[in-house]
Structure formats: structure tokens, C-alpha cells
Amino acid sequence: MSRRPNTSRRFGDSVGIPFVGALHTKSRQSPLLSIGLVVVGALLILGYVYHGSGGGSGDIAALNRLDGGVSCTLELQTLIPILKKAYGESMRKVLHIGPETCSVVSQILKEDDTEAWGVEPYEMDDADANCKSLVRKGVVRVADIKFPLPYKPKSFSLVLVSDALDYLSPRYLNKTVPELARVSADGLVILSGYPGHKIAKGTELSKFGRPAKFRSSSWWIRFFIQTRLEENETAIKKFEQAAAKKAYRPACQIFHLKPLH
Ligand SMILES: *[C@@H]1O[C@H](CO)[C@@H](O)[C@H](O)[C@H]1NC(C)=O
Ligand SMILES: *[C@@H]1O[C@H](CO)[C@@H](O)[C@H](O)[C@H]1NC(C)=O
């Protein structure tokens, strides 16, 4: 007990004296200065790391790019807050279609007032305990999206699809994309790779049956016209505004379509 006031006084003194000394002697100034620089540097690094992690999603984006390839499903996870700004109420009942759907669904479920379901278009060989539990509860299912989905029209407010359509030939896309627009009440968001896009490690060919074909945005726009799907200009504008606010530059093509009824 009796040592505490002493220690604090000594600490107070030792802070005061070097500062005074620093004004007079150069030899003392430089260590203090370098300690100061180290502290400032550490704070900057901490700030950078903290900012970069953006609540656990930014580190996914960083990993995504470090890997040398781009996964639109990982990108979608970083986009959830921006989609929420663009779609608001329409995010209340979401269906995600794409590989790693368990992680997308789990992330959407963390948001307030949202329900989410997932369709894994390819077999799940490395499902973790959380994923197995989502499958058991019927929240996530494995289904071939070349065939009609077992849902009534407008079953979901918003349908999100990532890294799934790139593996379908136009013959199947013709049926699958309108089918996704059918089960949605407010919209369909498609994330697709850019031409020349490198596939992220782990999404190896064998799993998908055929190589990914990344189509240009003009190809997609023509496809939407052919299949009578319209882009939702309001959603595009709101999404771009929300993305600009976060200085977010997408690594995948993102299309916002109106539902088809
Ligand atoms: C897809 O549908 C469009 C419009 O209905 C048609 O013009 C096109 O030939 C179809 N493509 C294939 C590969 O079936
Ligand atoms: C367009 O998107 C907005 C969300 O930004 C949504 O509220 C609206 O229902 C959509 N409109 C149509 C016609 O799908």
C-alpha cells in the first residue's frame, strides 16, 4: 500500500524530467523521438488493421485477393451490408445459391430481422458442424440448379446467386435464371466473374463438372433481354451509392434484376 503513491510519483517525475532534459540534450531527444515514432507507427498499423478487418468481412476480401483468384461467393459476404442498404426491407427473406452457401447463409442470419436459406449447387464434401446443422434443419439444401427449384413463386424477397451461373451452358441458363427470378418477390442479384477472371483455389474443376465460362457484361445484358429479364435501375443506383460510401470496388460483375412473374 505504502509503495503505490511512491511509484506513481516516481512515474510522474520520470515523465517530467526526460521531457525537460529533451529540450536541453540531444542525446535524450532522439530516443524519445524514436519511441514516439514507434508509438505513432504502431497506432497507424493498428488503425489500418482494424479498419481493414471491417468487422470480419474485410479480411475475407483481402484473403480473397491474396489467393490469386477471385471467389464471388467470398465477395458476396463482404457485400451484405451494402446490399442491405440497397434493398432494405427486401433483405428480410433471402435465398442464396452458390458454393459455400453455408457461410453466406450464416452471415446473413447474423443481420437483424433477416431469414436466409441456401442452395448448394454441387455436392458438399467438406461441410463443418455448423453447415451440417443448417442442412439438418432444412435451411441449406443440395440441389442441381439445372432443374426447377422446389419453391413456390415469390417464396423469397431476394435471391442472390454467386459462382454458380458461370458453370452453366446457355441452354441451362435459359431455364435457370428465369427460374431464380420466379422464386423471388423483389429481386435477383447475380454475381459473376469477369472474363479473364482467375478462379480461387479450392473451387477445382472436378467439383463443377465443366470449366467456368466468364461472360462479358454485354453478353449478360443481351441474355437478359432475350430472356425478358429487366435490370432494376433503382436497386443499381442505391447499390452504387452505398458502395461508393464505403469506397468499395467490386471484383465481380454484379447485376440487379427485377423478379419475373
Ligand atoms: C435461349 O433463349 C433464347 C430466347 O428464348 C433463344 O433465342 C436462344 O436460342 C436460347 N439459347 C439456347 C442455347 O437454348
Ligand atoms: C427494385 O429494387 C428496390 C430496392 O432498391 C426494391 O425495393 C424494388 O421493389 C425493386 N423494384 C422492382 C420492380 O423489382
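User: In this predicted model, what is the order of the strands in the open sheet of six strands?

Analyst: The model is a predicted one, and its open sheet of six strands shows mixed pairing. The edge strands, each of which pairs on one side only, are β3 (140-142) and β6 (253-257), while the twist from one strand to the next averages 15°. Read from one edge to the other, the order is β3-β2-β1-β4-β5-β6.

User: Which residue in β4 is the bridge partner of Val94?

Analyst: Strand β1 covers residues 93-97 and strand β4 covers residues 156-162, and the two pair in the parallel sense over four bridges. Within β4, the bridge partner of Val94 is Leu158.

User: What angle does the direction of α4 make with that of β5, where α4 packs on the sheet?

Analyst: Helix α4 packs on the sheet by touching two of its strands, β4 and β5. Taking the direction of β5 as the reference, the direction of α4 makes with it an angle of about 140°.

User: Are α4 and α5 roughly parallel or roughly antiparallel to each other?

Analyst: The axes of α4 and helix α5 (residues 101-109) come within 10 Å and cross at roughly 0°. Angles under 35 degrees count as roughly parallel, and α4 and α5 are therefore, in relation to each other, roughly parallel.

User: How do the residues of the contact of α4 with α5 divide into nonpolar, polar and charged?

Analyst: On the side of α4 the residues are Thr73, Leu76, Gln77 and Ile80, and these meet Ser103, Val104, Gln107 and Ile108 in α5. By class, the residues of this contact divide into four nonpolar, four polar and no charged.

User: Which element gives the most residues to the shell around ligand 2?

Analyst: The residues around ligand 2 include Ala86, Tyr87, Asp186, Gly187, Thr234, Ala235 and Lys238, and the shell divides into four nonpolar, four polar and three charged residues. At least two residues of this shell are supplied by each of α4 (72-87), β5 (184-192) and α10 (233-245). The element that gives the most, with three residues, is α10.

User: Which helix supplies the largest share of the shell around ligand 1?

Analyst: Around ligand 1 stand Pro170, Arg171, Asn174 and Gln226, a shell that divides into one nonpolar, two polar and one charged residue. Its largest share, three residues, comes from the helix that spans residues 170-182, namely α7.

Terms used:
Residues numbered from 1 in each chain as written. Chains lettered and ligands numbered in written order. Predicted model: local features only at pLDDT ≥ 70, side-chain atom pairs only at ≥ 80, totals over all residues. Near = placed C-beta within 6 Å. Nonpolar A, V, L, I, M, F, W, Y, C, P; charged D, E, K, R; others polar. Axes fitted to C-alpha atoms, helices over the stretch in contact; angles between N-to-C directions. Parallel < 35°, antiparallel > 145°, perpendicular 65-115°, else oblique. Contact = placed C-beta atoms within 7 Å. Pairing = 2+ DSSP bridges.
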